[in-house]
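Here are a few short exercises to work through with the structure open beside you. Take each task in turn, try it yourself, and then compare your steps with the solution.

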Amino acid sequence: MLKEVLSHIFREPATRKYPEVRPEIPEGFRGRQVFDVSLCISCGLCARDCPAKAIEMVDVEGKKRPLFHLDRCIFCYQCAESCPRNAIKSSKIFELASTDKSELVVEPKSGRGN
Ligand code: SF4
Ligand code: SF4
C-alpha cells in the first residue's frame with residue numbers, strides 16, 4: 001500500500017496545466033476555419049458537401065459567401081477539400097468554447113482571415 005502511494009506521489013501527472021501552460025498544437029491540427037474571401041468564387045461546393053450542414057451561403061456585397069456555424073461543425077474539413085480555390089484553410093485556433101452561441105457564427109466578412 002505504502003509503495004503504491006509513493007509511486008503516485010512521484011509519478012508524472014497525467015493531466016496538463018492548461019490554461020496556465022499552453023499546449024503545443026501539432027501541424028495539421030483542424031481548428032477554426034480561416035476563410036479567404038478574395039479566393040472565393042461563390043460556387044457553393046463547400047456548403048453542398050458539408051456533412052453537418054454547418055455552412056450557409058449568405059449574401060455579401062452581392063455575392064454568395066460561406067458562413068460557418070461552428071456549433072454544428074465537426075471539423076472534418078470536407079469544405080476545404082471541396083473548395084476549388086483553396087479559400088478555406090484550417091488553423092490552430094481551438095479555444096472555441098462559449099456560453100454565447102452567436103460567437104460560434106463565423107461570418108464571411110470582406111478581407112482575409114475572418
Ligand atoms: S469542417 Fe466539416 S463540418 Fe465543419 S464546416 Fe467544414 S465540411 Fe462542414
Ligand atoms: S467552395 Fe470555396 S470557392 Fe466555392 S463557395 Fe466555398 S469557399 Fe467559395
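**Exercise 1.** Decide whether Tyr77 is buried, partly exposed or exposed.

*Solution.* This is a predicted model, and the count below is computed from it. Tyr77 has 16 C-beta neighbours inside 10 Å. A buried residue needs 20 or more, and an exposed one has 12 or fewer. Tyr77 therefore counts as partly exposed. Now place it in the chain: Tyr77 sits in the loop between β3 (63-69) and α3 (78-82). Finally, check its backbone: phi of Tyr77 is near 65 degrees, a positive value in a residue other than glycine.

**Exercise 2.** Find the place of Lys53 and decide whether it is buried or exposed.

*Solution.* Start with the loop between α2 (45-49) and β2 (55-60), where Lys53 lies. Next, count neighbours: 10 other C-beta atoms are within 10 Å of Lys53, so this residue is exposed. Its phi is about 50 degrees, positive although Lys53 is not a glycine.

**Exercise 3.** Which residues does Ile55 touch, leaving out those up to four places away in sequence?

*Solution.* Begin with the largest nonpolar core, which has 14 residues. Ile55 is among those with the most contacts inside it, along with Cys46, Cys50, Cys79 and Ile88. Then list the partners of Ile55: Cys46, Ala47, Cys50, Pro66, Leu67, Phe68 and Cys79.

**Exercise 4.** Which two residues does a cis peptide bond join?

*Solution.* Look in the loop between α1 (2-10) and β1 (34-35), the place of Pro19. The cis bond joins Tyr18 and Pro19, with omega about 5 degrees. As a reminder, most peptide bonds are trans.

Note on methods
Residues numbered from 1 in each chain as written. Chains lettered and ligands numbered in written order. Predicted model: local features only at pLDDT ≥ 70, side-chain atom pairs only at ≥ 80, totals over all residues. Core = buried A, V, L, I, M, F, W, Y, C linked by C-beta atoms within 7 Å. Contact = placed C-beta atoms within 7 Å. Helix = DSSP H or I, 4+ residues; strand = E, 2+ residues; numbered from the N terminus.
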